[in-house]
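Trainee: Got a minute to walk me through this one? I'd like to start with the terms.

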Amino acid sequence: MSQCLHTTDGFIKSTFGPRVAVLCSQDAEIISKRNNLSFAELIRPFCSINNEIHVRDPMNQVFTIHDLRITVCDVRSSQPDENMVKQMLSDAITDATSEAESSQTMNVQCNNYSISINVACPWFDAYREMLMSTAPPMQHEFISYCTSCLLVVSSLHPNPIEEFANLSKHQNHLQHSAKCETSLRWMTPNTLKYYVLLHDVSQADEQKAKKVLTDLQSMYGNNACYLLKINSKVSTDYQNIPDPWSRFLNRKSKQNPSSNGIDIGVNLSPPNDLDIETSTEVHPDDQKWMKDLKHTVPTQESGYGCCLTLSDHDNLRNFLFDFASHGLIPHMEKTIRNFSEQIASRKGIHRSLFRATKTFFGGGKTVSAPALKSYGMGGSESPELQVRKIADLYFLCQMYENAYQHYHAAKKDFSNDQAWLHAAGASEMAALSNFMQTRSQRAYPSHYVESAIDTYSVTCSNDYLSLRCALVSLECLRQRGMYSEAASQLLKLVNEADDLKSAILLEQIAQCFLRTQRPLVRKFAFHIVLAGHRYGKALQRQCALLCYNSALQVYRGSGWRLAEDHINFTIGRQSFNLQQLDIASYSFEHLIKDSQQHPSQQAFFMNEYLHVSSRYKNTTKAIIDHVLPKLHLEQTVARDSPYTVENNRQFEVLESSIKTVAKSPSTQFSEQDGKFECVVHETVWVDICMENPLKIALSITDASLSVEFEPIESLPEADVGWSAVPLKEVILPKESQKIVSFPIKTYCTGTISVIGIEYKLGIAEISGVPQTNVSSAELEGRQLFSLQKQNLQIKVCAPMPKLEMIFEEFPTKLLNGEIKSTKLTLKNVGQTDMQNVKVACNPSVKCMFTNHITDFQSCKKHFLLHEQRPTQGVAFVQSIIEGKLKAGEQIELTAWFQGTVQSGEQTVNLLFYYEPTKADSDMVYRVMKYSNQISTTPSIDVNTVVLWDNSQSNALVSVDSSNLSKEKSTDFTFKCVMSGSDCWCLKQVTKTIPLLKFQQSVKFYFQAVDISFTPPSTESEKSEIHFTDHQITDVQSQVQASWALVSKEQLVLQHKEDNKLTVALEWSVQNNNQICTGQHYIDMSELTTDATSAARIGLSQNSDLILENNESLAALHKLVRWDLDFKAIQTHDFSKSFLCYLPVTIQIQNLYNCDLSVTVDGLNSNQSQSTTGPIFLWVGKALSQFTLSPKSALTISMTACFPVSGIFNLNTFSVWAVPIHLGNTNPMFPQNCQYPCYATIQDKNSGS
């Protein structure tokens, strides 16, 4: 909201102040021009009368005029045309925008928004002032008519009395001649003429001037004449005189203050040189005198008022006060009295006759609107116009109550006569009269103003009047705090016809929304953006830039990304046009930083950024700080190997684990802090992760690191401690991340600090957008690490050993469970010896390293033990070289890898650790990272069913294997089954296993026996079972790889031998003309855990403890065991009898030292009873309930009934048991089913 240079009352008084015409002789203009001002311009700053002036109304009531504002108009000025007015308004705004940089700002806080805006809006004040001053006087209102005329003649004139008479005649001619075209209009026929004798103190004779003044007073009266003394300054006077004229003059006068032109911004147009066209002819002697006067006047100095002193300023101020108090105000007071008398005598008769005539002749028809618009044009003697004229005079004399009464009466009369233009003018002035009354009890009639605005703009199509009414009402509403109403009024005038006017109004509307009681921030932002857009169309770039900057404070970070991009783009464009290249570059930088636009739009923004920033760089020699690509410095690493590895976090865990096993102290430099170590005379690679967030590909050329090197030892001036080769080109695909490696060669020990990257940024040709949108421009710049985190530091250490590894053929493809070996060569290519070489890998990787003569049979036990180790570890660490490896020596090892059970890609991360032999080395240890991928494909699928007896010491294992290979020619051969525990032995059940062909399944059995319960009785019970004719000799000395398992807490986990059982199933297959061997594992540990649960709850065979209510349910389901005795094969003739009966004897034993309540139920069984045919039934006594004493047994008999032949599982009845002391509070517990007991029923007639 504009903060005017004066108050709202002062603005209204300046807009609607008494107008005074100025008519000067040529000699008076010459005297005034010594100050580089015309006479009208000379007196303009002093037209504000601060002294009080008294005036009386027709009722003889005294009123006091405060702060009278007089508007002076040069008679010789002409009204500018419409195009000139538009240019003058535009120039006024352009001049005023320069003041915005130094204006004060204020902060508006609302919710999460903090908006900083200018307290003052000087371009709005300049626009408004220029609009009011360039407007012609309106014919329907008299407030803009001239009430008097100043006639000015210099005391240097040879005949000033005669010249005053000529000027008076010329004024009469201008006012009363119909042929004379002038933009001025006059309030009364007998206009007040005020005679001013302009006296140049430095040139003219004061006595002569006083004599002329006496003659004038005798002719025109004492109150109509004045002697004005100016130009008192002498050449030796160097007073610092203030300049009150500059704010009233336009840009043209400011640029050339010594020009003879008059300020057309206020005086409307320059004078017609200095030749005055009067009704009298100029005598040749007068022309000669005028030329002599021009030569005798001293050369003017630069600056406005250069010949005036402070006393001259006082003279000008006293002159205008004397003119107002003794001439202007008394004349208007007299005019008011005369009009009041005329209205009182004529208004009643005129109105009665007019209405009677209209009723008689008009027949009640409504007069057309065009005719109504010309109401009162013919003469100004109608009573309605007389009322309007006296109301204007009351307003000029600050008698606002009388003015309101007359305006209100005139409004009614004009409305009744449908003179809408006049009615709108009366409504506007009535509202202002009400506002200016300090003690008025009436509310401000804003509806009067709204009605006037609608009439001006819609009915009368007068843009100036509607705009003037809205701008004046804006100040009134602002004074009353009615910002919403002000915004509503201004919004009516926004249109597409005038961009500059609409921009001014939209900006003020936005400011109104921000000044409401609860700031409407988003409405402010929306309208300020519209204002900026219209300013841009009107070529007011500075104002547009200010508006968009204000809007950006709201839209930045609000999630309205497209709106924010539009604002940033416009700010960049406008700043570039204004040569504010730094702001333009900054705005376009935000457009590309996190853009979500379409690829073609991103390419367009990128082109603009490259073009603008290049211009900024070339103009100011500035260094561009790039924002693209994004650098993920937390992933920055320095490595001494040319191989790039990923998943650095995993390698950090491996390194920490291997240090735990090796018991190495921590080094001074930590990678987590951005500090690394390298060795002198070696190349170190700095890996920096770059991200391209855009949807277009970026090109980075001539990229190099910015490095600072601090050597430990002094170097010759010609030598440097490092060297680097710039990267020629790096292409970053759209929306991708890429690791870019920068090599650095070291020549001296010291510290390398990488502070940033220098490169040229451009758009790659593979961006996927039309080539017309892709520029070949490249922008040279940099990115500094210090802006994001601390710099990357690399310590260059003394010579050290360096390990180099080569896999002969890394197994990148394996079958599930396949075990394959490859040759590994380790070589010390460093400058010193190494020792204590270890390797670490993640637990999911199944690998081991042995000497090169180790075969498969020697290491298969290792993989079985690997399967039994704890799963909570984070790394396996193995020692591969215990002794020294001298510089230049190498060693060959065998690396064994096993494919995982799950198919897919597996990442193998290996970390090799080694230490120097010298104890005083700068580096305690060094590591080498290796990463590769192993792709595993399906081989076989193994499903097992384990049937345990009640003592959990004997199990029958059913293995169902399927061929899942995708190759039709792959036939799997099962070679052996091997136990991974010394507490268990295996017993062969199935003697031979056929080939597992493509997409087929094979089923076989074996037994597992716990040696601690049942010692092996035969040779068939051992730790390894073979299914092939070729028996492999049992290897007595297995490979004892020195492996250590490290936990997440960096503790070495100890492997404990327990009762866990894991069985390995070894197989072989011919794949791609190669014999492949592998192992699958059967983990039976989860089925053995319940064996110890009984002892845990007090039901062990050696314990007499009583059960508690919170005991484990797992043991309560194994309270008893039972055996079935029956005839396994029964033959029956179903042709003679439809049912076959089979007696079954069941022996049930109590396993614990407590009384049990037992129920055997053959009636309700939820298990499947037959494997090949229909179900059977228990007949006879199928339900038995009894009690078992501790460790006792009981035999019961049941009968099974079979309706058909087949194979049936008889162990299908339900057994329920519960300790008697728990029976009242707990239900009976179902007992776990044991081995299946199959009975074969054959039909005698069918032979089955």
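Mentor: Buried means under 20% relative accessible area, exposed means over 50%, and partly exposed is in between, with a 1.4 Å probe and protein chains only. Also, this is a predicted model: local features need pLDDT of at least 70, side-chain atom pairs count only at pLDDT 80 or more, and totals for chains, interfaces and linings use all residues. Residues are numbered from 1 along each chain as its sequence is written, and side-chain values use heavy atoms, with hydrogens and water left out.

Trainee: Good. How many salt bridges does the structure have?

Mentor: The count comes to 29 salt bridges. The rule is a side-chain nitrogen of Lys or Arg within 4 Å of a carboxyl oxygen of Asp or Glu.

Trainee: Which residue does Lys211 bridge to?

Mentor: Lys211 pairs with Asp215, with the closest N and O atoms 3.7 Å apart. The two are 4 residues apart in helix α7 (residues 206-220), so about one helical turn separates them. Helices (H or I, at least four residues) and strands (E, at least two) are DSSP runs, numbered from the N terminus.

Trainee: Are Lys211 and Asp215 buried or exposed?

Mentor: Lys211 is exposed at 55% relative accessible area. Asp215 is partly exposed at 29%.

Trainee: What about Lys537, which residue is its partner?

Mentor: Asp499, with the closest N and O atoms 3.8 Å apart. Lys537 lies in helix α20 (residues 521-537) and Asp499 in helix α19 (residues 499-515), so the bridge ties together parts that are 38 residues apart in sequence. Lys537 is partly exposed at 43% relative accessibility. Asp499 is buried at 18%.

Trainee: And where does Asp702 find its salt bridge?

Mentor: At Lys760, with the closest N and O atoms 3.6 Å apart. Asp702 is in strand β15 (residues 698-711) and Lys760 in strand β19 (residues 750-763), and the pair links parts 58 residues apart. Asp702 is partly exposed, at 41%. Lys760 is partly exposed too, at 28%.

Trainee: Which residues do shared partners join into a network?

Mentor: Glu141, Arg388, Asp392, Glu428 and Arg468 are joined into one network by salt bridges that share partners.

Trainee: Back to Asp702. I keep seeing Lys728 there. Which residues is Lys728 in contact with?

Mentor: Ile700, Thr701 and Asp702, leaving aside neighbours within four places in sequence. Contact means heavy atoms within 4.5 Å. Lys728 lies in strand β17 (residues 727-732) and is exposed, at 73% relative accessibility. From Lys728 to Ala703 is 6.9 Å, C-alpha to C-alpha, and they are 25 residues apart in sequence.

Trainee: New topic. How many disulfides are there?

Mentor: The structure holds 0 disulfides. A disulfide is a pair of cysteine sulfur atoms within 2.5 Å.

Trainee: Why is Cys121 not bonded?

Mentor: Because the closest cysteine sulfur, in Cys543, is 7.4 Å away, too far for a bond. Cys121 is buried, at 5% relative accessibility.

Trainee: And which cysteine has the sulfur nearest to that of Cys1201?

Mentor: Cys1140, 7.9 Å away, and Cys1201 is in no disulfide. Cys1201 is buried, at 6% relative accessibility.

Trainee: Cys1140 is in β44, I think. Which side chains of β44 point to the buried face?

Mentor: Cys1140, Leu1142, Val1144, Ile1146, Ile1148 and Asn1150 point to one face and are buried. Tyr1141, Pro1143, Thr1145, Gln1147 and Gln1149 point to the other face and are not. In a regular strand the side chains alternate between the two faces of the sheet.

Trainee: What does β44 pair with?

Mentor: Strands pair if DSSP finds at least two bridges between them. Strand β42 (residues 1120-1125) pairs with β44 in the antiparallel sense over 6 bridges. Strand β48 (residues 1193-1202) also pairs with β44 in the antiparallel sense, over 10 bridges. Gln1147 stands opposite Thr1195 in β48.

Trainee: Last one, backbone. Where is the cis peptide bond at Pro629?

Mentor: From Leu628 to Pro629, with omega near -10°. Pro629 sits in the loop between α24 (599-620) and β12 (630-639). For phi, look at Leu539: a positive value of about 65°, although it is not a glycine. Glu735, also not a glycine, has a positive phi of about 45°. Most residues other than glycine have a negative phi, and most peptide bonds are trans.
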